[in-house]
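User: Please explain the terms applied to this model one at a time. For each, I should like to see the value set against its definition.

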Amino acid sequence: MKPSERHHYIPEFVIKGFASNDGMVSVYNISKHKLEPLRKSPKQIMFEWNRNTFDLNGKKSDIVEKMYGRQENEMSLAYKRILEDHNTSNISYFDLFQLLYFIETIHWRVPSQDLKVIELIQRLSFEDIGLYSKNSDKNTLNEVFQKYINNPLFIELAKLSKSIKNYTSIDLQKSIKEMYISSIPKNKIGFSLLGDNPIILENDDTNSILKANLIYPISKEKILYKNNGTQIRQLTADDQVSIDILTYLQAKKMVCSANPDYLIDIVNQAAIYDSKEKIKYLKNKVFSVFKKT
């Protein structure tokens, strides 16, 4: 069977959560600094041709894409339940666990993290990414690791392995208590942006995101806040706008929204954040929703 070619780094079922009733989104092209003239379907954006195609024993293989696909098949069901449940307190622990793992993998999966991933893996040992062997000593394993450390397939598999290790290292019950999903009522402002680097971290340098304060737009109507040891203050429409501005600022290639006018408005507002100091101010503002206990 011919390997697949269109490899989404943001799954289609996620993009659908930001689409309008016609299933389409408006896309702002960051490199061209303009709104794409035609609206797009989720299939048409946030993918790269053959991103997860690698040489395996002299043949092209999409084994990594298939691994992501199996995860997406499970997560899409949990995602659907999360979006449809209007009482967020009723969301099952199973679905929240799925969401946590999905966030962990997406963080390392997007193109904007590629260089950081390579730098990170080159500083790690065999055990650091969660790989072990009963038949080889530690020195031998690290020698093997160094031989393969720059292999593209190995790097992609290391991402998955590192994600699994990070996920299994957290206290899941504690993490659930740190999660708060804000649901935007029907007919209220809910034109949230989705960017190609969607997870907003309070500390960009963290390598263990599930132990950090973060914000993740789930859909145009729901946003996840995860905070370590803090409470959430009353949320406002201004919080939503600030998150969308930051989503645009940290995207690399594109952002999309159900509403093209709102999208352009966010792009225009983002223009004033033209320095690291101003962006830091905005991030501090976004994370001011967390009150110290």
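User: Which residues are in contact with Glu104, leaving aside its neighbours within four places in sequence?

Analyst: Glu104 is in contact with Ser163, Asn166, Ile209 and Leu210, where contact means heavy atoms within 4.5 Å. The model is a predicted one, in which local features need pLDDT of at least 70 and side-chain atom pairs need 80 or more, whereas totals for chains, interfaces and linings use all residues. Residues are numbered from 1 along each chain as its sequence is written, and side-chain values use heavy atoms, with hydrogens and water left out.

User: Why is Glu104 called buried?

Analyst: Buried means under 20% relative accessible area, exposed means over 50%, and partly exposed lies in between, with a 1.4 Å probe and protein chains only. Glu104, a residue of helix H3, has a relative accessible area of 0% and is therefore buried.

User: What makes the pairing of the side chains of Glu104 and Asn166 a polar contact?

Analyst: The term requires a pair of N or O atoms within 3.5 Å; within protein, one must be able to donate a hydrogen and the other to accept it, and residues adjacent in sequence count only if both atoms are side-chain atoms. The side chains of Glu104 and Asn166 make such a contact at 3.0 Å. The side chain of Glu104 also has a polar contact of 2.8 Å with that of Trp108.

User: How do you know that the length of helix H6 agrees with its number of residues?

Analyst: Helices (H or I, at least four residues) and strands (E, at least two) are DSSP runs, numbered from the N terminus. The expected span of a helix is 1.5 Å times one less than its number of residues. For the 17 residues of H6, 152–168, this gives 24 Å, and the end C-alpha atoms are 25 Å apart, which agrees. Helix H8 (residues 237–250) gives a similar check: its 14 residues reach 20 Å from first C-alpha to last, close to the 20 Å expected.

User: What makes H6 mostly covered?

Analyst: Twelve of the 17 residues of H6 are buried, among them Leu153, Phe154, Ile155 and Tyr167. H8 is likewise mostly covered, with eleven of its 14 residues buried, including Val241, Ile243 and Leu246.

User: Which residue caps the N-terminal end of H6?

Analyst: Asn151 is the cap, with a side-chain oxygen 2.9 Å from the backbone nitrogen of Leu153.

User: Why is Lys159 counted as buried, and what does its side chain reach?

Analyst: Lys159, which lies in H6, has 5% relative accessibility and therefore counts as buried. Its side chain reaches the backbone oxygen of Trp108 at 3.2 Å and makes a polar contact with the side chain of Glu156, also at 3.2 Å. Not counting residues up to four places away in sequence, Lys159 touches Arg51, Tyr68, Trp108, Arg109, Asp114 and Val117.

User: At what angle do the axes of H3 and H6 cross?

Analyst: The axes of H3 (residues 93–109) and H6 cross at roughly 140° and come within 9 Å. Axes are lines fitted to C-alpha atoms, for helices over the stretch in contact, and the angles run from 0 to 180 degrees between N-to-C directions. Residues of H3 including Phe97, Glu104 and Trp108 meet residues of H6 that include Lys159, Ser163 and Asn166.

User: What makes the phi of His33 and that of Asn57 worth noting?

Analyst: Most residues other than glycine have a negative phi. His33 has a phi near 55°, a positive value in a residue other than glycine, and phi of Asn57 is likewise near 55°. His33 is placed in the loop between strand E2 (26–29) and strand E3 (34–35), and Asn57 in the loop between strand E5 (54–56) and strand E6 (59–61).

User: Are His33 and Asn57 buried or exposed?

Analyst: His33 has a relative accessible area of 59% and is therefore exposed. Asn57, at 76%, counts as exposed too.

User: Why does Met254 count as buried, and which residues does it touch?

Analyst: Met254, in strand E13 (residues 254–257), has 16% relative accessibility and therefore counts as buried. Not counting residues up to four places away in sequence, Met254 touches nine residues' worth of neighbours that include Tyr9, Val27, Ile45 and Leu194. Met254 and Val27 are 227 residues apart in sequence, yet their C-alpha atoms are 6.7 Å apart in space.
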